[in-house]
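Reader: I have a model open and want to learn how to read its sheets and cavities. Where do I begin?

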Amino acid sequence: MIQHTPEGLYRPDFRITNEGERVRQFKDQIDRLDGTEIIDFNLNFDLDFPVDFAIKQFTLQENNSRYKLYLPPSLGQDDAIVDNFYPRISRVGKRTGHGVFFGDISFTNGNKIGVAVKPHWTEPVTSCLRDYINNIGITQLGIETLQSSGFLLGYDNTPAYSMTLLEDDLTTLDSIDWRNFYPDVEKDQGMINIWKSVAQNLAYIHAIGSINHGDLDARNIAQTSAGNLFFIDWERANVSLQKPRDAEVRYGYSHPDLYAILKSMCESTKVGLGIYYKKPGDYWDSFHDLILDHYKNDRLEYAQSGTHHGTTLAEVAEEIEELEKTLKAEMTMLRQIC
Amino acid sequence: MNTPEKPFQYNRRDGRSAESATSRRHQLLNGIVTKDWIVKHPAGSTRMLEYPVPENHEQERYRDALKAKGVILGIYQQHEPEFVISEYVVIPKGARLLKYDSSSSAEGDYSFNDNKLFYELGELFTAIDYLDPYRRLVVEGPLENKVALTEFTRPSERALWFVPGIEHAIISLPDGHDPIDYYVSLINETFANQFELAADYFQAGYMRNHNTTDC
């Protein structure tokens, strides 16, 4: 399959290239690199679209190179030369639309970093920069996620690549077998706790400024062995500290994320988690208990504690009322079609 | 000092290490392993398991032979054997039981899908056969909590391991029973709904090593 991109280049869809081919292409690009450069993005969160602004600033710079590996200051590899890429085998991270793969990048100075590599085929430069800078922005706002570890812009008909540090104790929620969780949810407190953490994390990101994740599939919710739960892959996120204008705008940020989780729970294991798929009982009550109640409580609590809390509280209450109505209707629809 | 309200609080002032329980998703508690925890220290963190020492010389021999084959997860901590009742192992932070895993059919050189998983599982279990070829030794079920999976392995590395303490779960089958039939029936019982063709690939991996000499 060939895709025509707005940049006017014909690029193959990664789905026709197998995993080995994707890794080989990346290794080819690594071989053609002529160095590394440390780059720091300090986002101005007072802007409506700080990431767009940062992308524009970067692309307007004349000395951008497609033959350089850009690294964040935290990795401190200035003037290091990339030696090779050694892929790793995994069970998680295989449901991504981009075709993410994992491995170690070694440098001639003997250093090595484990990375998750995400290829960007469509509008490669913009897509790669957005993914990378969004992730940087999320980290700068103090929200836990994977640490950005660099990017490659690619050249000619090759993809661009954004990278995060590999955390090898990380699993994603799509790697768990959820089919026996519902209806006897009470028997598995560990799984209940996972959803509570998801709701609380989500309430937090929706409560500060104008932030949403934008692609909150189970594959993008990660948990470490220490039990920390956080969201990954922020490519489609909106990252800004601007206060939303009104309840409708707030809803525009919160609804897509909550709906993505709801949908994933209702769909079969082929595309979703299969928690409610073809199960008896009232899914809505269960979804309410597992997620919405915690989400609602936290959102209202955050609204109450902020400045101008009277206005904010009223807006958030209105937003949540609308969320409940819409999500309930959507669940009824999903129940009929799933 | 730890209190019942905050049992695992890290004391950052004096830099002493502190403990926290491993997440349920990762825990290797299986009736043999009694404790699975993460020790935080100034240089990072370490994950450890605790389980009882072998009950007799036979179990000790099984443990040593499996350790020598490199099929038991983790690095054993040294201790004075006459004074202890537990063994301690440092294990990779990401290790988890097969128990909760969802199915994966992703194809690719670097994807550890169900077929590869059960093939490697079959290969792993042949290590038990070689402990004593005349006694039909097997791992006592349930199998899904006796095997740990490690992620992000390099191509030459093993992804499946016996959970430490496996020597406590090795039993001998009665006369007339075949280990492969025993395993296949357990796998069908446990994994058939979760992983399609699990038993077929297990059998292929098991038989492959049976036709060779080593695991």
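**Sheets and cavities**

Author: Begin with one strand pair. Strand 4 and strand 5 (residues 86-91) of chain B pair in the antiparallel sense, over two bridges. Keep in mind that this is a predicted model.

Reader: What holds strands of a sheet together?

Author: Backbone hydrogen bonds pair them, and the pairing is either parallel or antiparallel. For a single bridge here, take B:Tyr76: its partner in strand 5 of chain B is B:Val89.

Reader: What is the strand order in that sheet of chain B?

Author: The order is 1-2-3-5-4, five strands in an open sheet with antiparallel pairing. Strand 1 (18-21) and strand 4 (75-76) of chain B are the edge strands, each pairing on one side only.

Reader: Now chain A. Which strands make up the open sheet of three?

Author: Read it as 10-11-12, again an open sheet with antiparallel pairing. Its edges are strand 10 (171-172) and strand 12 (229-231) of chain A. Strand 10 pairs with strand 11 (residues 221-223) of chain A over two bridges, in the antiparallel sense. There, A:Thr172 stands opposite A:Ala222.

Reader: Which helix lies across strand 11 and strand 12 of chain A?

Author: Helix 4 (residues 189-207) of chain A does. It runs at about 45° to strand 12 of chain A.

Reader: On to empty space. How many cavities of 30 Å³ or more does a search of the whole structure find?

Author: The general idea is to roll a probe the size of a water molecule over the atoms, which shows where empty space is left. In this model the search finds three cavities of that size. The largest holds about 420 Å³ of space.

Reader: What lines the largest cavity?

Author: There are 31 lining residues. Nearest the centre lie A:Val100, A:Ala116, A:Leu146, A:Thr164 and A:Ile232. Strand 9 of chain A gives the largest share, four residues. Strand 7 (112-120), helix 3 (124-140) and strand 10 of chain A are among the elements that each supply at least two. By class, the lining has 13 nonpolar, 10 polar and eight charged residues.

Reader: How much space lies in the second largest cavity?

Author: About 50 Å³. Its lining includes A:His206, A:Arg250, A:Tyr253 and A:Glu319. Helix 5 (residues 247-266) of chain A gives the most, with three residues.

Reader: How do the residues of that lining divide by class?

Author: Three are nonpolar, four polar and three charged.

Terms used
Residues numbered from 1 in each chain as written. Chains lettered and ligands numbered in written order. Predicted model: local features only at pLDDT ≥ 70, side-chain atom pairs only at ≥ 80, totals over all residues. Heavy atoms only, no water. Pairing = 2+ DSSP bridges. Contact = heavy atoms within 4.5 Å. Axes fitted to C-alpha atoms, helices over the stretch in contact; angles between N-to-C directions. 1 Å grid on protein atoms, 1.4 Å probe; cavity = no way out; pocket = protein on both sides within 12 Å on 5 of 7 lines; lining within 4 Å. Points joined across faces, edges and corners; volume = space filled by probe spheres on them. Nonpolar A, V, L, I, M, F, W, Y, C, P; charged D, E, K, R; others polar.
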